[in-house]
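Open the model in your viewer and keep the selection panel at hand. This tour goes stop by stop.

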2 protein chains.
Amino acid sequence: MEQVKVLLNDDEIPRQWYNIQADLPKPMNPPLHPGTGKPVKAEDLAPVFPMNLIEQEVSQERWLTIPDEVLEKYLLWRPTPLCRARNFEKLLNAPVKIYYKNEGYSPAGSHKPNTAIPQAYYNKVFGIKRLATETGAGQWGSALAMACKMFDLECRVYMVRVSYEQKPYRRMMMNTWGAECIPSPSTMTAAGRQVLAEHPDSPGSLGIAISEAIEDAVTHEGSRYSLGSVLNHVLLHQTIIGLEAKQQMDKIGVYPDVVIGCAGGGSNFAGIALPFVRDKIYGKKVNIIGAEPSSCPTMTRGPFAYDFGDIAKMTPLLPMYTLGHDFVPAPIHAGGLRYHGMAPIVSHLVKEGLMEARAYHQLETFESGVKWARSEGFIPAPETNHAIAAVIDEAIRAREEGKEKVILFDWSGHGLVDLASYESYLSGKLEAYELPEEEILRAIKATEGFPRP
Amino acid sequence: MEQVKVLLNDDEIPRQWYNIQADLPKPMNPPLHPGTGKPVKAEDLAPVFPMNLIEQEVSQERWLTIPDEVLEKYLLWRPTPLCRARNFEKLLNAPVKIYYKNEGYSPAGSHKPNTAIPQAYYNKVFGIKRLATETGAGQWGSALAMACKMFDLECRVYMVRVSYEQKPYRRMMMNTWGAECIPSPSTMTAAGRQVLAEHPDSPGSLGIAISEAIEDAVTHEGSRYSLGSVLNHVLLHQTIIGLEAKQQMDKIGVYPDVVIGCAGGGSNFAGIALPFVRDKIYGKKVNIIGAEPSSCPTMTRGPFAYDFGDIAKMTPLLPMYTLGHDFVPAPIHAGGLRYHGMAPIVSHLVKEGLMEARAYHQLETFESGVKWARSEGFIPAPETNHAIAAVIDEAIRAREEGKEKVILFDWSGHGLVDLASYESYLSGKLEAYELPEEEILRAIKATEGFPRP
């Protein structure tokens, strides 16, 4: 009987997050204030985030200690097991060993609580009473709802209206954890009311929801805003995935040739990858691949430019691969990957050749996910299916090259609340969402006037 | 930082299931053939189950070896962690230590795969090509769908029509794992057609679905029937939960004063409890409590009698606590607990004073479940909420008596696919489903003619 899982006991959980800023061969471009065009100062962000998180956002320290109060909550499900996907390997019939971190074991079913919990904790410690955020498919909103309840904070989530209606179960998760979930655009904010005045039937978008959540946070006493991806401190918190994975692979004396994660805003991909990027910086040979949707090909097609994080231009200008803040991705089921930009850290590392990116069509990602579910059991989230498609790609390459390969990837979450998308796929109704070349070119052209780093 | 989880590594997984028949102080009454009134013979069951499972059903061996092929699949998620519910303890403010087995970690989200996998395996080994089963809320149907796919068997699930319509996500899980899910009553069987002829709008019932599944199995070449609870071999497979829990508690030098499980057909309750019942038989002091719905109070109110397992009277007569095979429980959301009878093993042990039973109202179970979700994170299945209500009861007693107590319970599954029931509860729309005393008396009266063991 062969070993399937590598476990870490509670006392083996990492005590520090890893901050890649300390190891970058070339420093990152700073975010810019859209008004002055100068680097954003900490105090510019103070109405939006608590100062302790802003300090993490700009920190250059290599290791940041995880507070005991956060570790205590992490231990509800962390460390997550590192699993060997032997049944999937057999199916692929390729000379590969496939390991995955099962982040679907969290109460919210994805990696999102890894940052929701510290964000709620730091806000609480800073004296904040209430958080506002936005969510697309609801993975992030549900994670923050749970974290706020654990630290006794109020929580309001602006959920893109079309998702609010399509994915009622994620809204119910938020309610069960005591959060208020509002379909966006709403009448709660000036931004929302303005959209509704012009488009009473607006299905909403992540851009509108971000604008509503930021406005909500800065106009409510004792409130702050919380973001589930893109920013440095969010990626920092997610490094616990990769740190655990490294410890687990060390235990069995294995090192990956390839590290894979799906990438929307970048926090899941960075979470598994950054500790391995560090090794790569110091000479280790490892390929690090982000899998994105071909209908939102930020890293594979977008230019590297300064752009806003949201459509309403309320955020600082971030240096990143972007299709332009006006780009509206097709309504693929991997809602967590429908983002016009990419985390500045991930963008920087792709630009520096330390990470690479591949794009996958919706249909091939679901084909990959069904293969996974039917061999390994666990039904993956639509986002996770992108990583699985990349794993299959790498396995086929290994077979063709006749080379043995160890693949590690982040199984970012389960798809039990996204089953309607599997139903569409299995009944042949799932859209391919091929992005026409002229649309990509139009998006790229729209970014021409953006400042270049 | 205090330890939250006690883990077992892959190589510590139990290699044998525990069969309590070998330790019973008084042997159980045999199931009877309804025609002859004599004990059922193995060959009577042969058209319905493969002989290797029938052998397990009647085995008196104390330990039955788990085949490597089954262990290999168990290892996808087993051993499950034993967790200390520190946050919930704080909330209760009682002198208790609460430990729970998280069976929600399985790919299907409940304890059901513990028996689905060996049942699929033994059928495969016996040369069977296809299984038919029934399911209420869908926990069992989805588990068997997954297991059949893993062992390359075809699978058809007759799902009670009202659940088929109310819980589309469980049907989608079955489809994702490649099974066929048919709303019952259906036109696929004579039993179904007969019901439809009389009641074209029939919402279906577990009794009808069982009849359809058995008829399907015995009329299709190479097919057998599979049941997710009640029978001896099903409970046997579930003992892996309690065996792991005992090992885990041994590791930290703790023994429970109370062991709790929710009980519908009895397999989850027996799964956690039987290894501790063995200790009790040999003199250990431990209270073992099954939590059932007050709207279906089988153990707390039903007489101990010979009754059919299904409404259509296709099964042997089983010696058990029963409200009569015609009793139709109210449509509570804990669909897995809506069963008129109780596993013969559990019934026998309750009768012998080795187990006890308590009944809980739907509203108090959801109140308990929401408290759990808001402190421990994980959202429990409606069935699991019954066990949590019993845990709260025991904690309050301990507080009142000023006695320290260690409580162990089986967290039988998560409620992510049952969130609509939480929505009802949170919006104040959940029904209490008080069972009027005259209805209980009427059900008890209906069993008067049943043979008595």
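In which loop of chain B does P79(B) lie? Select P79(B): the loop runs between α3 and β4 (82–84) of chain B. Bear in mind that this is a predicted model.

**Stop 1: the cis bonds**

Stay on P79(B) and add R78(B). The peptide bond joining R78(B) and P79(B) is cis, with omega about -10°. Now switch chains. R78(A) to P79(A) is also a cis peptide bond, and its omega is near -15°. P79(A) sits in the loop between α3 (68–74) and β4 (82–84) of chain A. Most peptide bonds are trans.

**Stop 2: a positive phi**

Move along chain A to N93(A). Look in the loop between α4 (86–92) and β5 (96–102) of chain A. Phi of N93(A) is near 50°, positive in a residue that is not glycine. Most residues other than glycine have a negative phi.

**Stop 3: the interface**

Show both chains. In contact here are 52 residues of chain B and 52 residues of chain A. Together the two chains bury about 4700 Å², with 60% of it on carbon and sulfur atoms. On the chain B side, pick M1(B), Y169(B) and T176(B). These three lose the most area to chain A, together 16% of what that side buries.

Next, look for charge pairs. Six salt bridges are counted between chain B and chain A. For one, select K5(A) and D10(B): their side chains meet in a salt bridge at 3.0 Å, N to O. Polar contacts across this interface come to 21 residue pairs, both residues at pLDDT 80 or more.

Colour the helices of chain B. Those supplying at least two residues each to the side that touches chain A include α3 (68–74), α4 (86–92), α6 (139–150) and α8 (168–176). α15 (362–376) and α17 (419–426) of chain B do so as well. α8(B) gives the most, with six residues. By class, this side of chain B has 28 nonpolar, ten polar and 14 charged residues.

**Stop 4: the cavities**

Turn on a cavity display. The structure holds eight cavities of 30 Å³ or more. Go to the largest cavity, with about 480 Å³ of space. Its lining has 33 residues; nearest its centre lie K112(B), W140(B), S229(B), G335(B) and G336(B).

Which element gives the most to this lining? Select α12(B), which contributes three residues. Other elements of chain B that supply at least two residues each include β6 (130–135), α10 (206–219) and α16 (382–401). Finish by colouring the lining by class: twelve residues are nonpolar, 18 polar and three charged.

Note on methods
Residues numbered from 1 in each chain as written. Chains lettered and ligands numbered in written order. Predicted model: local features only at pLDDT ≥ 70, side-chain atom pairs only at ≥ 80, totals over all residues. Heavy atoms only, no water. Contact = heavy atoms within 4.5 Å. Buried area = accessible area lost by both parts, 1.4 Å probe. Salt bridge = Lys/Arg side-chain N within 4 Å of Asp/Glu carboxyl O. Polar contact = N/O pair within 3.5 Å; in protein donor to acceptor, adjacent residues only side chain to side chain. Helix = DSSP H or I, 4+ residues; strand = E, 2+ residues; numbered from the N terminus. Nonpolar A, V, L, I, M, F, W, Y, C, P; charged D, E, K, R; others polar. 1 Å grid on protein atoms, 1.4 Å probe; cavity = no way out; pocket = protein on both sides within 12 Å on 5 of 7 lines; lining within 4 Å. Points joined across faces, edges and corners; volume = space filled by probe spheres on them.
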